[in-house]
Every structure is written in structure tokens, then in C-alpha cells.
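Colleague: I'd like to practise reading a model with you, feature by feature. Could we start with a single side chain and work outwards?

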Amino acid sequence: MTVSGWLRYPAAWWRARRGETPERPWTVPAAIGWLRRRIRSDWSILELGAGRSTPWFAQRAGRVISFEDNEFWAEQVRGRLNEVGLENVELRQLPIEGFAAAVEALPDASFDLVVVDFLEAPSVTRIDVLKPAMKKVKAGGLLLLDDSDRPGYAEAFELLSDWRFRKFVGVKDGWPEACETGIFRRPK
């Protein structure tokens with residue numbers, strides 16, 4: 001992790017202890033800043049795994065489709081979206097085993113950003129859903145794979161070998177260890 005990441009760690013740890021983590025994606029903060037400068041109001045985003053990131057993306061993009069398997073968490077996200085008056089999100093609650101088929105049914109090359117950041121099940125990994133999801137990214141668009149440094153995600157780098165890769169390393173809000181968020185850009 002970079003020196004700046006370690007310098008920010010004490011403040012992130014203190015906010016987490018006090019329950020004051022910002023409402024933003026639970027990814028590496030440098031990746032959030034990078035995305036904040038790039039997302040435009042006409043973007044379409046596919047988010048695989050809803051959460052604090054859903055309102056954050058919806059405030060910046062034109063349309064968000066988000067899949068979530070956890071009923072409690074889906075209701076929390078719906079409540080937050082209603083609370084802040086965001087109506088540009090289509091939140092689909094479905095079993096994690098249905099993510100890949102639901103993604104496959106979406107039109108190819110129709111999203112400016114696809115976010116792969118959901119809790120896996122024994123029978124379904126992020127790689128299983130990444131395979132159909134990568135086809136949904138527009139030429140020149142982005143695919144975010146959170147925790148891209150996990151050994152089980154090595155296949156992603158093979159699948160996306162001709163995509164440009166940008167790595168962000170840091171400490172997530174409330175997470176006491178260095179993590180990696182990878183953002184891949186589809187060739188034009």
C-alpha cells in the first residue's frame with residue numbers, strides 16, 4: 001500500500017470505530033476518487049451487489065441497475081434511495097445463483113460501468129458472474145472488480161487480458177488491512 005494510504009488509515013479506523021463511515025462504495029478510497037472524476041450524468045451502471053454504493057452511483061449516473069440477493073440489505077438500500085429521492089435505480093432482488101443468467105439476459109455493450117462486488121456463495125463466485133458481465137461493458141467502458149487481489153480472482157486477469165488495468169490499493173472504510181480494487185477498461 002502507498003504511504004498516502006497508510007497516512008489515511010488512522011482517520012478511517014477512527015471513523016469506523018465511531019460509526020461515522022461515509023456513504024460511499026466500500027472499495028479502496030483512491031478508486032472512489034478516481035471514479036468520482038469520471039462518472040457522467042448520462043452513464044448507465046450495472047452494479048452486482050447493492051449497498052452504500054448504490055445511492056452514490058445513482059447520484060452521479062443517469063441509470064443504475066443493481067442486483068442484490070440479501071432481502072434485508074435490499075430493503076435497506078430501497079429505504080435509503082427513497083429517503084434521498086433517487087428514482088433512477090432499478091434494484092432487482094434475486095438469488096445469487098440467478099445473477100449470471102440475469103446478467104446474460106441484458107443487452108451486450110450497454111453499460112459504461114459494471115461493478116462486480118457481491119458476497120459470493122459456495123456455488124457462485126464473482127468469476128462466474130464476471131464472464132457474462134464483461135460482455136455488457138461498452139467499448140471504452142469500465143469494469144470494477146473489488147478485492148481483485150484475492151487469489152481466487154486470478155482468472156479475471158486472464159479473461160480481461162486485453163483490457164487496460166488500473167490497480168488501487170488502500171484501506172477500505174472500517175477494514176483493518178490493505179485491499180485492492182481493480183478497474184479494467186474495455187478496448188475501443
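Modeller: Sure. Start with a polar contact: the side chains of aspartate 112 and lysine 138 are joined by one of 3.5 Å. Keep in mind that this is a predicted model.

Colleague: Where does aspartate 112 sit, and is it buried or exposed?

Modeller: Aspartate 112 belongs to strand β4. The relative accessible area of aspartate 112 is 13%, and the cut-off for buried is under 20%, so aspartate 112 counts as buried.

Colleague: Which residues does aspartate 112 touch, apart from its neighbours within four places in sequence?

Modeller: Aspartate 112 is in contact with Asp42, Trp43 and Ser44, and also with Lys138, Gly141 and Leu142.

Colleague: Let's widen the view to the strand. How many residues of β4 are buried?

Modeller: Six of the six residues of β4 are buried, which leaves the strand mostly covered. When you look along a strand, remember the general pattern: in a regular strand, side chains alternate between the two faces of the sheet.

Colleague: And which strands pair with β4?

Modeller: Strand β1 (residues 44-48) pairs with β4 in the parallel sense, over four bridges. In that pairing, leucine 46 has valine 114 of β4 as its bridge partner. Strand β5 (residues 137-146) runs parallel to β4 as well, and five bridges join the two. There, valine 116 stands opposite leucine 145 of β5.

Colleague: What kind of unit do β4, α6 and β5 make?

Modeller: A right-handed β-α-β unit.

Colleague: Can we follow the sheet the other way, from β1? Which strand do five bridges join to β1?

Modeller: That's β2, which runs parallel to β1. One bridge pair to look up is glutamate 47 with serine 66 in β2. β1, helix α3 (residues 53-58) and β2 form a right-handed β-α-β unit. Moving on, five bridges join β2 to strand β3 (residues 89-93), again in parallel. Phenylalanine 67 has arginine 92 of β3 as its bridge partner. The chain gets from β2 to β3 through helix α4 (residues 71-84), and that β-α-β crossover is right-handed.

Colleague: Why is β2 called largely enclosed by the rest of the structure?

Modeller: Because five of the six residues of β2 (residues 63-68) are buried.

Colleague: Now the aromatics. How do I describe a pair of rings?

Modeller: You describe a pair of aromatic rings by the distance of the centres and the angle of the planes. In this model the count comes to seven aromatic pairs. In one of them, tryptophan 34 and phenylalanine 168 have ring centres 5.7 Å apart and planes at 55°, so the pair is tilted.

Colleague: Which parts of the chain does the pair of tryptophan 34 and phenylalanine 168 link?

Modeller: Distant ones: tryptophan 34 is in helix α2 (residues 29-36) and phenylalanine 168 is in strand β6 (residues 164-171), 134 residues apart. Tryptophan 34 and phenylalanine 168 are both buried.

Colleague: What about phenylalanine 99 and phenylalanine 118: how are their rings placed?

Modeller: The centres are 5.3 Å apart and the planes are at 65°, so phenylalanine 99 and phenylalanine 118 make an edge-to-face pair. Phenylalanine 99 lies in helix α5 (residues 99-104) and phenylalanine 118 in the loop between β4 (111-116) and α6 (126-133), so the pair ties together parts 19 residues apart in sequence. Both phenylalanine 99 and phenylalanine 118 are buried. Ring pairs also link Phe67, Phe99 and Phe118 into a cluster.

Colleague: Back to α2, then. Which of the residues of α2 are buried, and what covers them?

Modeller: The buried residues of α2 are Ala31, Ile32, Gly33, Trp34 and Leu35. Their cover includes α3, β4, β5, β6 and β7 (178-185).

Colleague: Last one, the whole chain. How many helices and strands does the protein have, and in what pattern?

Modeller: Seven helices and seven strands, and along the sequence they follow α-α-β-α-β-α-β-α-β-α-β-α-β-β. Of the 188 residues, 47% count as buried. Of the contacts with a separation of 6 or more, 66% are between residues 24 or more positions apart. The accessible surface comes to about 9500 Å², and 51% of that belongs to carbon and sulfur atoms.

How values were computed:
Residues are numbered from 1 along each chain as its sequence is written. This is a predicted model: local features need pLDDT of at least 70, side-chain atom pairs count only at pLDDT 80 or more; totals for chains, interfaces and linings use all residues. Side-chain values use heavy atoms; hydrogens and water are left out. Rings of Phe, Tyr and Trp (its six-membered ring) pair if their centres lie within 6.5 Å; planes under 30 degrees apart count as stacked, over 60 as edge-to-face and the rest as tilted. Buried means under 20% relative accessible area, exposed over 50%, partly exposed in between (1.4 Å probe, protein chains only). Two strands pair if DSSP finds at least two bridges between them. A crossover is right-handed if, with the strands pointing away from the viewer, the path from the first strand over the helix to the second runs clockwise. Contact means heavy atoms within 4.5 Å. Accessible areas come from the Shrake-Rupley method with a 1.4 Å probe; for residues, only the protein chains shown count as cover. A polar contact is a pair of N or O atoms within 3.5 Å; within protein, one must be able to donate a hydrogen and the other to accept it, and residues adjacent in sequence count only if both atoms are side-chain atoms.
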